[in-house]
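Biologist: Could you take me on a close look at the second largest cavity in this model, and then show me what else stands out around the chain? I would enjoy a connected tour.

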Amino acid sequence: MCESVGVRRFHEKIEIEMSIRDENEKVVVKRLPPWTTNITCRGLVASIVIGVVYSLIVMKLNLTTGLVPNLNVSAALLGFVFIKTWTKLVHKSGFVTSPFTKQENTIIQTCAVACYSIAVGGGFGSYLLGLNKKTYQEAGVDVQGNSPGSYKEPGIGWMTGFLFVTSFVGLLALVPLRKIMIIDYKLTYPSGTATAVLINKFHTPKGDKMAKKQVVGFIKLMSASFVWACFQWFYSGSGTCGFTYFPTFGLKAFKNSFYFDFSMTYIGSGMICSHLVNLSLLAGAVLSYGLMWPLIEDQKGSWFPSSLPESSMKSLNGYKVFISIALILGDGLYNFLKIVVFTARTIYLTSRKMPETNDNDQPGNDSELNEVFLRDSIPFWLAATGYIMFSIVSIFVIPLMFPELKWYYVVIAYIIAPSLGFCNAYGAGLTDMNMAYNYGKVALFVLSAISGKHDGVIAGLVGCGLIKSIVSLSSDLMHDLKTGHLTLTSPRSMLVSQAIGTTIGCVVAPLTFFLFYKAFDVGNPDGEYKAPYAIVYRNMAILGVEGFSALPSHCLQLCYMFFGFAMVANLARDVCPEKIGRLIPLPMAMAVPFLVGAYFAIDMCVGSLVVFIWHRVDKRKASLMVPAVASGLICGDGLWILPSSILSLARINPPICMNFVPTKTT
């Protein structure tokens with residue numbers, strides 16, 4: 001959610017002009033080395049290191065707030081830093097290395113992003129975690145749709161197997177359509193284009209100087225963030241201790257989750273995300289924890305039994321979860337319908353103009369770029385055979401893992417997946433919005449409803465992951481192919497690097513998840529690692545099985561109201577003039593603090609405030625340094641996760657508990 005808005009803001013700062021278009025371009029194209037030279041050992045090492053570090057970071061974000069910013073730009077920067085440092089060290093040792101090209105930089109970025117994308121979209125904070133026993137119990141063992149025994153505890157083996165059989169199908173689903181999407185339809189894929197522009201600028205004399213400044217800023221802030229995280233650990237004791245629970249605005253506000261928790265990860269994320277996203281988060285926090293939840297809690301004994309714990313789905317937690325679901329579904333449905341209509345209209349208009357267009361007659365044509373893009377073609381038979389083979393494996397393996405999901409549902413999913421992937425990839429090419437989660441939610445509701453009360457929850461959650469994975473990966477591949485198209489990188493090397501990164505991610509992501517799962521209390525609604533979307537997805541499945549009877553008293557009316565609000569708010573943003581539309585909050589962003597609390601929204605608004613002041617003081621320097629500084633803050637805090645997890649697993653507790661209590665009155 002933050003990705004599309006945050007990246008869009010970054011695009012506005014970049015002049016989308018290709019540095020490769022010069023009078024010698026034809027010579028450059030003809031002298032490009034074979035595609036196999038783009039994939040190097042040093043590049044793979046860099047990709048693995050970056051992919052593992054970012055997997056740790058995004059896994060923490062997945063399990064705390066579920067809000068993950070776009071890190072593609074910083075992945076490209078880190079790839080550049082890694083290889084430049086590598087080559088300098090090798091040269092000082094007296095060895096000669098091959099030149100570092102933008103094609104190799106593109107491959108590193110693609111492979112690293114493919115690796116950590118598995119941690120982002122693999123369902124570890126949503127549909128897969130929604131299968132575990134803790135989430136099953138939190139949803140309510142007395143709820144009819146939440147049938148006894150409808151859970152599956154996380155395991156490295158089955159999670160890794162599930163990722164392997166579902167992830168690779170999406171890589172091959174749209175490969176035959178790459179020419180149509182990128183060359184014929186000329187889809188922009190803003191994230192892919194922005195990354196390409198950045199990489200092209202890195203590999204120029206001026207870009208090298210720019211990168212050096214960013215590197216210095218990145219290293220300084222990463223070091224400071226790591227040291228600060230280490231310092232905080234000594235005071236974190238156990239329970240609500242340390243700077244993480246600092247009652248910034250007083251103890252009463254602290255009780256309602258309004259405090260600043262000194263998290264460099266959230267501040268860095270706030271610097272990457274747009275001001276609109278961060279202010280929408282704050283608006284959602286004020287509306288929920290500042291107004292609604294205290295008022296609903298006062299209805300204890302009237303709307304819901306006072307004997308129920310707050311965590312029960314028939315108590316206050318039920319309102320939190322289902323109202324969040326209403327906001328998410330309203331926002332998702334509106335954007336889904338908007339993009340479908342926009343995509344259909346664009347395809348229709350493009351098809352009418354296509355016969356009249358000729359690339360060679362257009363000013364500034366991309367014939368040389370297209371030549372490289374089409375030179376190393378990926379045979380249709382290879383993509384089709386691979387898709388069929390991986391599909392057959394999934395049809396046999398997934399029902400063995402989850403007997404609740406019948407094999408014929410998997411067959412139907414793989415038959416319709418390419419068409420769904422095309423719709424999503426086309427829409428993403430126009431708007432930069434990946435709607436894969438919405439396709440997954442549709443599959444979740446449909447499969448939950450038709451599978452019956454006993455099998456519905458597990459079938460819905462697994463089917464959601466199946467569809468979401470295929471649709472999302474096919475769109476991600478098109479973004480990467482667009483980057484490769486603009487950096488003169490062979491599609492074959494892009495596909496191979498994507499496959500390598502996906503393979504690494506399928507191994508690294510479950511291991512990273514289990515590092516958190518064993519070291520911390522994941523899924524505790526009162527702890528740091530709340531994993532809010534796990535309970536959301538499970539209750540969506542229960543809603544699909546049981547219908548509105550799963551809702552607590554008066555919750556349905558509130559859900560209708562917030563569903564309508566999400567639709568109307570999005571419509572108003574599109575219809576109203578820009579000056580008014582930009583003041584209307586994003587419903588999807590507002591939904592996150594409804595479950596998580598206000599503290600992280602305050603952190604992210606601090607990040608926005610830093611960016612705002614920096615732009616006022618020195619706009620040019622801010623535009624250059626904000627992505628690097630934000631990435632440094634996120635990476636430094638993320639790197640501390642590994643030693644803190646090891647300390648926790650070794651049962652070494654912090655020596656001090658810094659806590660705050662009210663002054664005793666006499």
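Modeller: Happy to! In this predicted model, helix α4 gives the largest share of the lining of the second largest cavity, with three residues. The elements that contribute two or more residues to that lining are α4 (72-92), α9 (190-202) and α25 (619-639). If you would like to select the lining in your viewer, pick Val73, Ser74, Leu77, Leu198, Phe202, Gln214, Pro627 and Ala628. Sorted by character, these lining residues come out as six nonpolar, two polar and no charged. The space they enclose has a volume of about 40 Å³. As for how it fits into the whole, a search of the entire structure turns up two cavities of 30 Å³ or more. The idea behind such a search is simple: rolling a probe the size of a water molecule over the atoms reveals where empty space remains.

From the cavity, let us move on to the covalent link. The count of disulfides comes to one, and the pair is Cys241 and Cys657, with their sulfur atoms 1.9 Å apart. This disulfide joins distant parts of the chain: Cys241 sits in the loop between α10 (205-233) and α11 (251-255), while Cys657 belongs to the segment after α26 (641-649), and the two are 416 residues apart. For the geometry, the torsion about the S-S bond of Cys241 and Cys657 is about -65°, so this disulfide is left-handed.

Charged contacts come next. Side chains of opposite charge can pair when their charged atoms come close. Searching the whole structure gives four salt bridges, one of them between the side chains of Arg42 and Glu104, at 2.8 Å from N to O. Arg42 is part of helix α3 (residues 41-64) and Glu104 is part of helix α5 (residues 102-121), so this salt bridge ties together parts that lie 62 residues apart in sequence.

Finally, turn to the outside. Leu609, Phe612, Ile613 and Val617 make a nonpolar surface patch of about 400 Å². One of these patch residues, Leu609, lies in helix α24, which covers residues 599-617. To return to your starting point, the lining of the second largest cavity has six nonpolar residues and no charged ones, with α4 as its leading contributor.

Key:
Residues numbered from 1 in each chain as written. Predicted model: local features only at pLDDT ≥ 70, side-chain atom pairs only at ≥ 80, totals over all residues. Heavy atoms only, no water. Patch = residues over 30% accessible without salt bridge, like charges linked within 9 Å, V, L, I, M, F, W, Y side chains within 5 Å. Areas by Shrake-Rupley, 256 points an atom, 1.4 Å probe, with all protein chains shown as cover. Helix = DSSP H or I, 4+ residues; strand = E, 2+ residues; numbered from the N terminus. 1 Å grid on protein atoms, 1.4 Å probe; cavity = no way out; pocket = protein on both sides within 12 Å on 5 of 7 lines; lining within 4 Å. Points joined across faces, edges and corners; volume = space filled by probe spheres on them. Nonpolar A, V, L, I, M, F, W, Y, C, P; charged D, E, K, R; others polar. Disulfide = S-S within 2.5 Å.
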